[in-house]
Amino acid sequence: MKGEPDFLRNVRDEVVDARQWLDRAIIIAYAVLAGLAVVGFTLLADAAFGAYQNMRGAIWWWPLVWTPAVTALVVWLVRRWAPGAAGSGVPQVLTALAPETPLDTRGRFVSLKLSIAKILAVSGGLLAGLSIGRQGPSVQVAAGIMLHARRWLSPRSGISDRELLVAGGAAGIAAAFNTPLGGIVFAIEELSRRLMERSSALMLVAIVVAGLVAVSAFGNLSYFGRVRTDGVSWWGLIGPGTVVAVACGLLGGLLARLMLASFTGLPDRFCAYRRKRPVAFAAICGFVVAVIAVISGGAAVGVGHQHTHLLLEQAATDPQAHTPLLFTGLKFIASWLSAWTGMPGGIFGPSLSLGAGVGADIAWLLDSPHGMALIALGMCGFLAAVTQTPITAMIIVMEMTDGHGMVLSLMACALVASGVSRMISRPLYSTMSALMLRSVRPAEESTDSRLTEPGPDSRPGQESAPR
């Protein structure tokens, strides 16, 4: 029958075409490099925050001087040398993926240089003691590395820049969270809904390879251990779980809205001062975060994974040891102010920590015996609310907590929290990306207006021909 694949011919083409195998080897090699870069980024970021904790433990008032000074320095360096490295990293990749972005301006958002700058700047932010994450920045880091593979690929490889960016961004999530499946889902749900059929399998292999590099480095273990759900019934969890989902949706949506307002700027004196003196404003925000660090004993700053581990341990051993609302409120303010400084940093890690705090608070307030399960639901719900990517949030939390027995509960919580968040805030990453596109469009629009505006000899209603 005509149109059916010729098996022998296809096998011969696959075996004989050495250039095609070289292109595949290049993609896999860069996927390994992306995974190694994220692993190195993780180790450097953890070491930086560990150094901060050591300094804070030695002299209790030291953060009040150290945090604003280092914050101002890093913000100045980023604004001076690598402005494209500011922010989370996910909006930059989305902007580079946008069809409206000209090819010659893509390097303003994603490049190998920005990947290096991002690693150093985020590590500097954690050394300062801010409440920022490294997972979102890992998206931009890995995407910049994968995009660099373009210069070595043959023109007939069939692999586009868009696919390299999607694969790199998803590989960053897979390696940062040690969750290869989460990276694949993130690529589908957030970065791209259309990969070329010809090369989609190779891109998925690249994502998995980057994730396996992280698994090889850190072990095939759940990041937060195993959330025990023995004896947890659906009916016993539905009431407290609903409260957790709604609370996470409200707080996560509020945080996303505040971050968007901070990013766009408002007609108030604070944003006016930030526009006029961005480095001084960053130092002031850093000082307030330092005060929060002193009050919370360092628990409310950094990525927050250590405190999340503590909350899970308390839920399993001594639930009454938890102090409700204090950590969640301080972490919320610290995360918002850290983003407002303009410091490069993500919100994935702080969102998981905030969600864990919400789950622990509600378990304490309702005296629920299912504290660990509620904490896992809170992590999933808050991440889904801030990012408005419920499937990605569910998969990431399921893999990080080995919560396969809670799949339906996690999915329901993510959907409810994301739905509530959409009533409060626009999608965080896509809205930021749309705003970034405005920095690209004015040049094009001014050029178009010069080409199409009426010339001195043209009659009214008649456009002059483009020269």
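Q: Which residue follows α15, and what is the sign of its phi?
A: D367 follows α15, and its phi is positive, near 55 degrees. Helices are DSSP runs (H or I, at least four residues), numbered from the N terminus. This is a predicted model: local features need pLDDT of at least 70, side-chain atom pairs count only at pLDDT 80 or more, and totals for chains, interfaces and linings use all residues. Residues are numbered from 1 along each chain as its sequence is written, and side-chain values use heavy atoms, with hydrogens and water left out.

Q: What span does α15 reach, and what is expected?
A: Helix α15 (residues 348-365) has 18 residues and reaches 26 Å from first C-alpha to last. The expected span is 1.5 Å times one less than the number of residues. That gives 26 Å, and the helix is close to it.

Q: Why is α15 called largely enclosed?
A: Because 16 of its 18 residues are buried. Buried means under 20% relative accessible area, exposed over 50%, partly exposed in between (1.4 Å probe, protein chains only).

Q: What makes L325 exposed and Q388 buried?
A: L325 has a relative accessible area of 55%, so it is exposed. Q388 has 6%, so it counts as buried.

Q: Where is Q388, and what is its phi?
A: Q388 lies in the loop between α16 (371-387) and α17 (390-401). Its phi is positive, near 55 degrees. Most residues other than glycine have a negative phi.

Q: How do you know that R56 has no salt bridge?
A: A salt bridge needs a side-chain nitrogen of Lys or Arg within 4 Å of a carboxyl oxygen of Asp or Glu. For buried R56, the nearest side chain of opposite charge, D46, is 15 Å away.

Terms used:
Helix = DSSP H or I, 4+ residues; strand = E, 2+ residues; numbered from the N terminus. Lys, Arg positive; Asp, Glu negative; His and termini not counted.
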